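User: I am new to this structure. Please take one part, look at it closely, and then work outward from there.

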Amino acid sequence: MLKRPPTICLSGTLYIGETHICGPLNLNLPSARWTCILGPSGVGKTTILRVLAGTATNVKLDGTLSTEDEKSLNGRITMMAQADFLMPWLNISENTAFGARLRGEKIDRTAVQDILTRVGLAEHLEKKPHTLSVGQRQRVALARTLLENRPVILLDEPFSTLDALSRIQMQSLSASLLRGRSVVHVTHDVAEAAHLSHQIFLITRTRSFHLSLGTAPPPPRRWGASETLSLQSRLLHLLMEET
Ligand SMILES: Nc1ncnc2c1ncn2[C@@H]1O[C@H](COP(=O)(O)OP(=O)(O)O)[C@@H](O)[C@H]1O
Ligand SMILES: [Mg+2]
């Protein structure tokens with residue numbers, strides 16, 4: 001059974017060496033909520049995800065990363081990076097099960113096949129990554145992340161290379177499979193944020209702040225519905241005012 005994700009709070013300023021990267025930030029990530037992070041390129045969004053994932057060994061946090069249960073996120077969190085990091089010598093199935101393989105766990109082949117079918121890659125299980133398109137590779141990386149089955153999921157521009165239709169399909173699949181988990185999702189796509197998020201933070205070099213969702217219904221919000229479109233348009237205006 002899925003463990004309840006803890007509420008997470010990241011507050012403070014991030015540095016690499018003596019260089020200020022971003023902050024002061026104040027990011028409260030409530031349990032089982034989908035948080036989108038918007039912000040210009042180079043502002044530190046990927047660095048924030050790496051700090052949450054515990055992989056940012058070169059980053060200094062002048063502040064705190066705390067969890068509600070005061071336990072480490074180690075083993076409870078997984079990150080889908082901007083690059084797909086597929087291993088060229090492994091086929092698509094093996095790449096999807098890479099986490100379990102790395103940990104020496106038994107691989108659930110049915111679950112691997114099922115998730116690859118759901119991301120539309122059922123015909124490519126035995127192929128090597130170099131034979132796939134960029135969008136297909138990104139869907140393998142998404143499948144690998146979904147298969148990890150962690151309570152806290154970090155997604156760094158996960159749908160950025162997909163065509164319009166696959167993007168909508170993968171957003172819907174992720175919304176459905178990640179219900180009940182905490183998701184932190186970096187995106188440049190305001191429509192995507194309007195569709196998926198319970199809350200949105202805008203990050204600039206010097207601060208983080210909530211973009212109010214007003215009275216919008218809970219996500220996932222229906223594509224093309226007037227309340228989704230009006231939220232999208234309001235977010236765009238806020239973004240233009242604040243950056
Ligand atoms: N390993 C590193 N060493 C030095 N600076 C880095 C390193 N990684 C990222 N940066 C710098 O940190 C800033 C934020 O990067 P990043 O988190 O990738 O931004 P974003 O994801 O918002 O585009 C950038 O100015 C980048 O040049
Ligand atoms: Mg980035």
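How many other C-beta atoms lie within 10 Å of Ala 32, and is the residue buried, exposed or partly exposed?

Analyst: This is a predicted model. Start with the count. Ala 32 has 17 other C-beta atoms within 10 Å. A buried residue needs 20 or more, and an exposed one has 12 or fewer. Ala 32 is therefore partly exposed, with its 17 neighbours in between.

Now the backbone. The phi of Ala 32 is positive, near 60 degrees, and the residue is not a glycine. Most residues other than glycine have a negative phi. Ala 32 sits in the loop that links β2 to β3. That loop is a good place to start, with one strand on each side. Take them in turn.

First, the strand before the loop. β2 covers residues 19–29 and is an edge strand, pairing on one side only. The sheet it belongs to has three strands, in the order β2-β1-β4. This sheet is open and its pairing is antiparallel. The other edge is β4, residues 59–67. Direction ignored, neighbouring strands are turned by 5 degrees against each other on average.

The partner of β2 is β1, residues 8–16. The two are joined by eight bridges in the antiparallel sense. One pair to find on screen is Leu 14, whose bridge partner in β2 is Cys 22. β2 also holds Pro 24. The peptide bond between Gly 23 and Pro 24 is cis, with omega at about 10 degrees. Most peptide bonds are trans. A second cis bond runs from Pro 219 to Pro 220, where omega is near -5 degrees. Pro 220 is in the loop between β9 and α8 (226–242).

β4 brings up a useful contrast. Glu 70 lies in the loop from β4 to β5. Its phi is also positive, about 60 degrees, although Glu 70 is not a glycine. Its surroundings are another matter. Glu 70 has 7 C-beta neighbours inside 10 Å, so it counts as exposed. Ala 32, with 17, is partly exposed.

Next, the strand after the loop. β3 spans residues 34–38 and pairs with β8, residues 199–203. Four bridges join them in the parallel sense. Leu 38 stands opposite Leu 202 of β8. These two strands belong to an open sheet of six, ordered β5-β6-β7-β3-β8-β9, with mixed pairing. Its edges are β5 (77–80) and β9 (208–211), each paired on one side only. From one strand to the next, the twist averages 20 degrees. Helix α5, residues 134–148, packs on this sheet and touches β5 and β6 (152–156). The directions of α5 and β5 make about 175 degrees.

Stay with β6 for a moment. Five of its five residues are buried. Val 152, Leu 154 and Asp 156 point one way, while Ile 153 and Leu 155 point the other. β6 has a partner on each side in the strand order. With β5 it pairs in the parallel sense over four bridges. With β7, residues 182–186, it also runs parallel, over five bridges. Ile 153 is a handy marker here. Ile 153 stands opposite Thr 78. Ile 153 also stands opposite Val 183 in β7.

From α5, step across to α4, residues 109–118. Val 112, Ile 115 and Leu 116 are buried in this helix. They lie on the same side of α4, because they cover an arc of only 100 degrees around the axis. The buried residues of α4 pack against α2 (92–96) and α5. After α4 comes Gly 120, with a positive phi near 80 degrees.

Last, the ligand. Which residues surround ligand 1? Among them are Ile 16, Ile 21, Gly 39, Lys 45 and Asn 58. Ser 41, Gly 42, Val 43 and Gly 44 are also in this shell, and so are Thr 46 and Thr 47. Helix α1, residues 45–53, gives the largest share, three residues. By type, the shell holds three nonpolar residues, seven polar and one charged.

Notes
Residues numbered from 1 in each chain as written. Chains lettered and ligands numbered in written order. Predicted model: local features only at pLDDT ≥ 70, side-chain atom pairs only at ≥ 80, totals over all residues. Pairing = 2+ DSSP bridges. Axes fitted to C-alpha atoms, helices over the stretch in contact; angles between N-to-C directions. Contact = placed C-beta atoms within 7 Å. Near = placed C-beta within 6 Å. Nonpolar A, V, L, I, M, F, W, Y, C, P; charged D, E, K, R; others polar. Arc of directions from axis to C-beta.
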